Amino acid sequence: HYVSSKVMTWVAFDRGIKSAEKFGFNAPLDRWRTLRDTICREVCDKGFNREQNAFVESYGSQLLDASILLLPAVGFLPASDPRVRGTIEAIEKHMMRDGFVLRHDPREISEERQPIEGAFLACTLWLADAHVLSGEIAKAQALFDRVAGIANDLGLLAEEFDSGEGRQTGNFPQALTHIALINTAHNLSDAKKPVEKPAMQRSK
């Protein structure tokens, strides 16, 4: 029972419900709402590790998973929820290498067998998005700038970044990375508008 898969199932029901309500589609809304709420309760009960104060990779696991950073972005829980804040802190503690976020928990494999894995750039941007939703704009901006700063001379980004070698690795160019970059840029822009608007008004 991977937590990220369960959350995406929740998203499917949640968006189906909202679409049916908005456009008047004929749908079994009561059943869908029940399933959506059941999934949410199950994930919060079985996918949250109280010892680590974080959502984990799968039910009963001790390992973290960077895809869980999407929880507040998809609306599963608000960024202000203590469980989300705890998950962010745990990922920052255990899954960051040289300022970038790894895709998988490096504690999963012993040091002598651990493969060389570059940091997953989309996950780094998902952490930035979580910080935006938490109101930590400076942290989000720093992560965004770090990812944008390793793009090649054409502004293209790969799937991963090997900080030890100082080079991009994996699939190149990677659409998921660019989509995440655009989303984070949009989120940062929206988050800054309320702060910037008064200054702009004063200058008129």
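**Cysteines**

I started with Cys-44 and asked whether this residue is buried or exposed. Cys-44 counts as buried, because its relative accessibility is 12%, under the 20% cut-off. I note here that I am working from a predicted model.

Next I wanted to know how far the sulfur of Cys-44 is from the closest cysteine sulfur. That sulfur belongs to Cys-40 and lies 4.2 Å away, so it is too far for a bond. A disulfide would need the two sulfur atoms within 2.5 Å. I then looked up the total, and the count comes to zero disulfides.

I checked Cys-123 as well. This cysteine is buried, with a relative accessible area of 0%, and it is one of the buried residues of helix 4.

**Helix 4**

That took me to the helix itself. Helix 4 runs over residues 121-134, which makes 14 residues. I looked up its span from first C-alpha to last: it reaches 20 Å, close to the 20 Å expected at 1.5 Å a residue.

How many residues of helix 4 are buried? I got twelve of the 14, so I put the helix down as mostly covered. Going through the names, I found Leu-121, Leu-125, Trp-126 and Leu-127 among them. Asp-129 and His-131 are also on the buried list, as are Thr-124 and Val-132.

I also looked at what comes just after helix 4. Gly-135 sits there and takes a positive phi of about 85°.

**The sheet with strands 5, 6 and 7**

Now for the strands. I found an open sheet of three strands in the order 5-6-7, with antiparallel pairing. Its edge strands are strand 5 (119-120) and strand 7 (167-169), each pairing on one side only.

I followed the pairing of strand 5 with strand 6, which covers residues 160-162. The two strands run antiparallel and are joined over two bridges. Which residue is the bridge partner of Ala-119 in strand 6? I found Phe-161 there.

**Cavity**

Last, I searched for enclosed space. The structure holds one cavity of 30 Å³ or more, and the largest cavity contains about 40 Å³.

Which residues line the largest cavity? I wrote down Ile-68, Leu-69, Leu-71 and Pro-72, together with Val-84, Thr-87 and Ile-88. Sorted by class, this lining has six nonpolar residues, one polar residue and no charged residues. Thr-87 is the polar one, since Thr is not on the nonpolar or charged lists.

Notes: Residues numbered from 1 in each chain as written. Predicted model: local features only at pLDDT ≥ 70, side-chain atom pairs only at ≥ 80, totals over all residues. Heavy atoms only, no water. 1 Å grid on protein atoms, 1.4 Å probe; cavity = no way out; pocket = protein on both sides within 12 Å on 5 of 7 lines; lining within 4 Å. Points joined across faces, edges and corners; volume = space filled by probe spheres on them. Pairing = 2+ DSSP bridges. Helix = DSSP H or I, 4+ residues; strand = E, 2+ residues; numbered from the N terminus. Expected span 1.5 Å × (residues − 1). Buried < 20%, exposed > 50% of the residue type's maximum accessible area, 1.4 Å probe, protein only.
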